[in-house]
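Hi,

Here is the structure I promised to pass on to you. Please open it in your viewer, and then read my notes underneath.

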Amino acid sequence: MSETIFHKIMRREIPADVVYEDEHLIAFRDIAPQAPVHVLFVPKVDFATLNDVPDADAVVVGRLATAAARYAKAQGFAEDGYRVVMNCNGDGGQTVFQIHLHLLAGAPLGRFGTP
Ligand code: 5GP
């Protein structure tokens, strides 16, 4: 997998607003937020897209979701609600080819899909 901007953020070579980190993943605010809360959860093992994650590594994806839920509870918006999204390849709108999960919250988000 090629180097991405998220590797540089993990190595603190470029700044980011990191809200959570452990041995498995890092979470930081999106530079172009699409909601009042927009945090990216990125695992510390590399997969370019969701297509590249084998069943044996399903826990890598699962940890992103449970970390997002923990963050939502800790920040007090879990009950109001939130959305988690993983974009995959062109039609999914993926722009950074290192898997990550978007957490969007802080306002009613409306529907999603094709315009
Ligand atoms: P994707 O489009 O691949 O699903 O999501 C990539 C996300 O990374 C986008 O929402 C984009 O705004 C965010 N992003 C791209 N470059 C940077 C950066 O340098 N810093 C931060 N914090 N987010 C970034």
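Which residue has a polar backbone atom 3.3 Å from a nitrogen atom of the ligand? That residue is Ile31, and the contact on the protein side is made by its backbone. Before going further, please keep in mind that this is a predicted model.

**The ligand and its surroundings**

Ile31 is one of several partners to look at. Asp30 uses its side chain instead: an N or O atom there is 2.5 Å from an oxygen atom of the ligand. At Val96 a polar backbone atom is involved again, at 2.9 Å from an oxygen atom of the ligand. On its own, the ligand would expose 520 Å², and the protein buries 83% of that area. If you look for the site in a pocket search, go to the largest pocket, since that is where the ligand sits.

The shell around the ligand is made up of 16 residues, and the closest are Arg29, Asp30, Asn87, Thr95 and His102. Sorted by class, the shell holds eight nonpolar residues, six polar ones and two charged ones. In terms of secondary structure, helix α1, residues 5-10, and strand β2, residues 25-29, each give the shell at least two residues. The largest share is that of α1, which supplies three residues.

**Just before α1**

Two residues in the segment that comes before α1 are also on my list. Thr4 is one of them. Is Thr4 buried or exposed? Its relative accessibility is 11%, under the 20% cut-off, so Thr4 counts as buried. The side chain of Thr4 has two contacts for you to check. A polar atom of that side chain lies 3.0 Å from the backbone nitrogen of Phe6. The side chain of Thr4 also makes a polar contact with the side chain of Gln98, at 2.4 Å.

Ser2 belongs to the segment before α1 as well. With a relative accessibility of 57%, Ser2 is classed as exposed, because the cut-off for that class is over 50%. Along the chain, Ser2 and Phe47 are 45 residues apart, while their C-alpha atoms are separated by 9.7 Å.

**Backbone angles to check**

Which non-glycine residue in helix α3 has a positive phi? The residue is Asn89, with a phi of about 60 degrees. Helix α3 covers residues 89-92, and Asn89 is part of it. Asn89 has a relative accessible area of 29%, so it is partly exposed. Arg12 is not a glycine either, and its phi is positive too, near 60 degrees. You will find Arg12 in the loop that runs between α1 and β1, where β1 is residues 18-21.

**Two more positions**

His100 is in the loop between α3 and β5, the strand of residues 101-105. Its relative accessible area is 7%, which means that His100 is buried. Going from C-alpha to C-alpha, His100 is 9.3 Å from Ala27, and the two are 73 residues apart in sequence.

Ala69 is located in helix α2, which spans residues 58-75. Ala69 counts as buried because its relative accessibility is 16%. Between Ala69 and Met1 there are 28 Å in space, C-alpha to C-alpha, with their positions 68 residues apart in sequence.

If you would like a place to begin, you could start with the ligand contacts at Asp30, Ile31 and Val96. After that, the side chain of Thr4 and its contact with Gln98 would be a good next stop.

Happy browsing, and do write back with any questions!

Best wishes

Notes. Residues are numbered from 1 along each chain as its sequence is written. This is a predicted model: local features need pLDDT of at least 70, side-chain atom pairs count only at pLDDT 80 or more; totals for chains, interfaces and linings use all residues. Side-chain values use heavy atoms; hydrogens and water are left out. A residue is near a molecule or strand if one of its heavy atoms lies within 4 Å of it. A polar contact is a pair of N or O atoms within 3.5 Å; within protein, one must be able to donate a hydrogen and the other to accept it, and residues adjacent in sequence count only if both atoms are side-chain atoms. Accessible areas come from the Shrake-Rupley method with a 1.4 Å probe; for residues, only the protein chains shown count as cover. On a 1 Å grid over the protein atoms alone, a cavity is a set of points where a 1.4 Å probe fits but cannot get out, and a pocket is an open set with protein on both sides within 12 Å along at least five of seven lines; lining residues have an atom within 4 Å of a point. A molecule sits in a cavity or pocket if more than half of its atoms lie within 2 Å of its grid points. Helices (H or I, at least four residues) and strands (E, at least two) are DSSP runs, numbered from the N terminus. Ala, Val, Leu, Ile, Met, Phe, Trp, Tyr, Cys and Pro count as nonpolar, Asp, Glu, Lys and Arg as charged, and the others, Gly among them, as polar. Buried means under 20% relative accessible area, exposed over 50%, partly exposed in between (1.4 Å probe, protein chains only).
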